[in-house]
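Biologist: I have a sequence and a model on my screen. Can we go through a few spots together?

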Amino acid sequence: MLAIALIAFAVKGALGDPLREIMGEAVPEAERAELRHKLGLDAPWPTQLARYIGHAARGDLGQSYVYKRPTLEVVLAKFPASFELVLAASLIVLLISLPAGIYCAVKPRSLGAKLILGLSVLGISVPVFLTGIILISIFSVWLGLLPAFGRGETVRIGFWETGLLTLDGLKHLVLPAITLSSIMLPLFIRLVRAAMLDQLGTDYVRTARAKGASRLRVWLHHALRNALLPLVALGGLQIGNMLAFTLLTETVFQWPGMGFLFLEAVTRADVPLITTYLVAVGFLFVVTNTLADVVSLWLDPRISLEGRR
Amino acid sequence: MNGEQARTAYASVRAFALDRPGSMIAALLLGAVAFAAFAAPLIAPQNPFDLASYDVLDANVPPLWLTGSDPRFLLGTDSQGRDLLSAILYGTRISLTVGVLAVGIQAAIGVPLGLIGGYVGVRVDSLIARVADVQLSLSTLILAIIALALVRAGLGGETLGRLAVPLLVLVIGIAEWPYFARTARAATLVESAKDHVRAARALGASDAGIVRRHILPNILSPLIVVATTQIAGAIMAEAALSFLGLGLPVTQPSLGTLIRSGYDLIFAGVWWVTVLPGLTLVGVLVAVNVLGDTLRDALDPRLTPR
C-alpha cells in the first residue's frame, strides 16, 4: 500500500502543471504563483510527500481539481457501479465455467467438449471492447432491445446507489455484464478443466471409483473439491486483469464506474483524482488477494500461513 | 537446436498440423494477412498517412456489397473519407509490428533472467521469482494503462501520439517478461541436470559457454510456444490501449485506433468502420492462438491428450 502511495506521489510530482488545467493559459504569472502557494505546490517535494502521507493517513487524499470535492468521495461514489458490474459478471462466469469446465474434463473426447474449447479459443481472441461493440450494435442499434450506455435508473440506499433494484437498472446491466464475463469465461473454463483433469488422474480418485462411489459423487465430492484450490489461487491472480477489463467495459458502455472516472481524470489531467484512483485500486488489490488467501486456507487446512512462501 | 533435433521438432509439428486442418488454415490465413500488411505500401489503394490522398467528401461510404457504395472503395470509407481497406492494411502492419517488437523485448529481458535463475541457483532464483510474481499479479494491462495514462496526463495527448509506437512496445515489453523468465527457468532447471551438461562441465567448459551452447538451444521449443501466445497477447493489449485512447493516435491508426474511431459511428448505422477492423483483429488473434495451441501440443509431449 505504502509503495503504491509512493509511486502515486512520484507520479504526481512528475506530471504536468495542474495550474494550467485549473486556470487556463491566459492568467498572469503573479496570480499563478499566488495560487500555487495557496495549494502548497511550491513546497519542495519531500515536504509535499510528508504532507500527502500525513493527510492520507487521515483519509484525506486531496481535492479533485475538476470536481472541487475530496477525491476519495468522488471515487467512492463511483465504487457501487463498478462493484455491481463486476459482481454480475463474476456470477455469470461462475455459473457457466464450473459446469462447462467439469464437463470438458470428464468427457474430453466428446463433441460438446471440443465445441466448448473451440469457442473458448474464439472467446479469448475477441478483445473485450469488441465484444461490447458487437453486442451494442446487435441488441441496441439493430434490435433496439437493450440500452447501450449508462446505468439507467438507480435507487439510493444509504451511500450505496444501486441499479439492481429497478427494471431499468437491470436492463442496463445486461450487456456490460455479459461483455465483461465473456473475456473471463474462456479463461476460467480452461482453468477448471485443467484443475479437474489433474485431479481425475490422481490415485485417490481412482480408488474412490474402485470402491464403488458413483461417478457424480467422485467428480463433485472428491475431484472438484481439490480442484477448487488451484482455481482460487489462479483466480486470485486474475484480479488485476479483471480491473483492466472492467475499465475497458466501462469505457465501451459509458458505465459510470471507477474506471470510466479514471480515464476522464486522465484526459483532464486531474492529478489528485488519478492518484486517488491508484490508491483505491491498490487497496482493492490487497483486499481481494487477502480474501483469496483466506479462502484457500479455508479450503485446505494443510496450508499454514507460515508455510506459504 | 542442432540439425537433427530441429528436423525432429519440425517433423512433429508438421505431423500435428496435418492432423489438424484448423491449424493449417490458421497458418495460411496469418501468412496471407501478414504478407498483405507488410506489403501495404505497395498494394494499398491509398496511403492513410497522406492527408492529401483522401477527401472528407468521400466520408462514410459503405462497403462494395451495400447500396450507395463507390467502386473506388472496396470496404468503404471512415468518417474522414479514408479508404478502409488501406487503413486496415496499414493498421494491421502497425499492430503486428508492435506485437512482435514487444515480445522481442519480453524475451530479451525474460530469457536471460530465466537462464540465470535456473542455472545459478537458489538465492538469485528466488529473488527473480519474487519480482516476477509481484509483477504478474499486477496484470499487464492495468500496468500499461496506468503507465500510458500518466504519460498522457503528464505530456499531453500530442506528445503521446508522437512517441506512441516505441512507448507501447516498451510498456507491453517490460510488463510481460515474467512469462519468458518462468518458462526459461523451468526448462533450464530440467536441462542443467542432464548428463550432457554435466559432461560439459566436467570437461571444463565455462558457465557462459554451457548456458549458450548446451542449455539455450535445448530450451528453445517451450520458448517458441510462449512467444506465440505472447504475440497474441501483445497485439490484443495494443488494441485495447489504442481503443482507450492511450495508444496510437488517429493520424497513425492501428487496428485498435480504427475500432475506436468507428465506435461513435455505430449508432448512426455506420457499422463497417468498427466491425471490419474488428474482424481483422479477431482473425489475426484466433490464428495466432490456434497456432500457439498446435505448437504447444506438438512440442510438449506432456500435454498430449490421452
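Modeller: What follows is a short round of questions and answers on this predicted model.

Biologist: Is B:Ala149 buried, partly exposed or exposed?

Modeller: B:Ala149 sits in helix 6 of chain B, residues 140-175. A residue needs 20 or more other C-beta atoms within 10 Å to count as buried. B:Ala149 has 25 such neighbours, so its class is buried.

Biologist: Which residues is B:Ala149 in contact with, beyond four places in sequence?

Modeller: Contact requires C-beta atoms within 7 Å. Leaving aside the neighbours within four places, B:Ala149 has these partners: A:Val266 and B:Leu246.

Biologist: A:Val266 is in chain A. Which helix of chain A does A:Val266 help to pack against helix 13?

Modeller: The axes of two helices of chain A, helix 12 and helix 13 (residues 271-299), come within 9 Å and cross at roughly 150°. On one side of the contact are A:Met258, A:Leu261, A:Phe262, A:Ala265 and A:Val266. Facing them from helix 13 are A:Leu273, A:Ile274, A:Tyr277 and A:Ala280. A:Val266 therefore belongs, by the list of contact residues, to helix 12.

Biologist: How many residues of that contact are nonpolar?

Modeller: The contact of helix 12 with helix 13 of chain A has no polar and no charged residues. The nonpolar count is nine.

Biologist: What is phi of A:Gln254 near?

Modeller: A:Gln254 lies in the loop between helix 11 (239-253) and helix 12 (258-267) of chain A. Most residues other than glycine have a negative phi. A:Gln254 is not glycine, yet its phi is positive, near 50°.

Definitions and conventions. Residues numbered from 1 in each chain as written. Chains lettered and ligands numbered in written order. Predicted model: local features only at pLDDT ≥ 70, side-chain atom pairs only at ≥ 80, totals over all residues. Helix = DSSP H or I, 4+ residues; strand = E, 2+ residues; numbered from the N terminus. Buried ≥ 20, exposed ≤ 12 C-beta atoms within 10 Å, placed from the backbone. Contact = placed C-beta atoms within 7 Å. Axes fitted to C-alpha atoms, helices over the stretch in contact; angles between N-to-C directions. Nonpolar A, V, L, I, M, F, W, Y, C, P; charged D, E, K, R; others polar.
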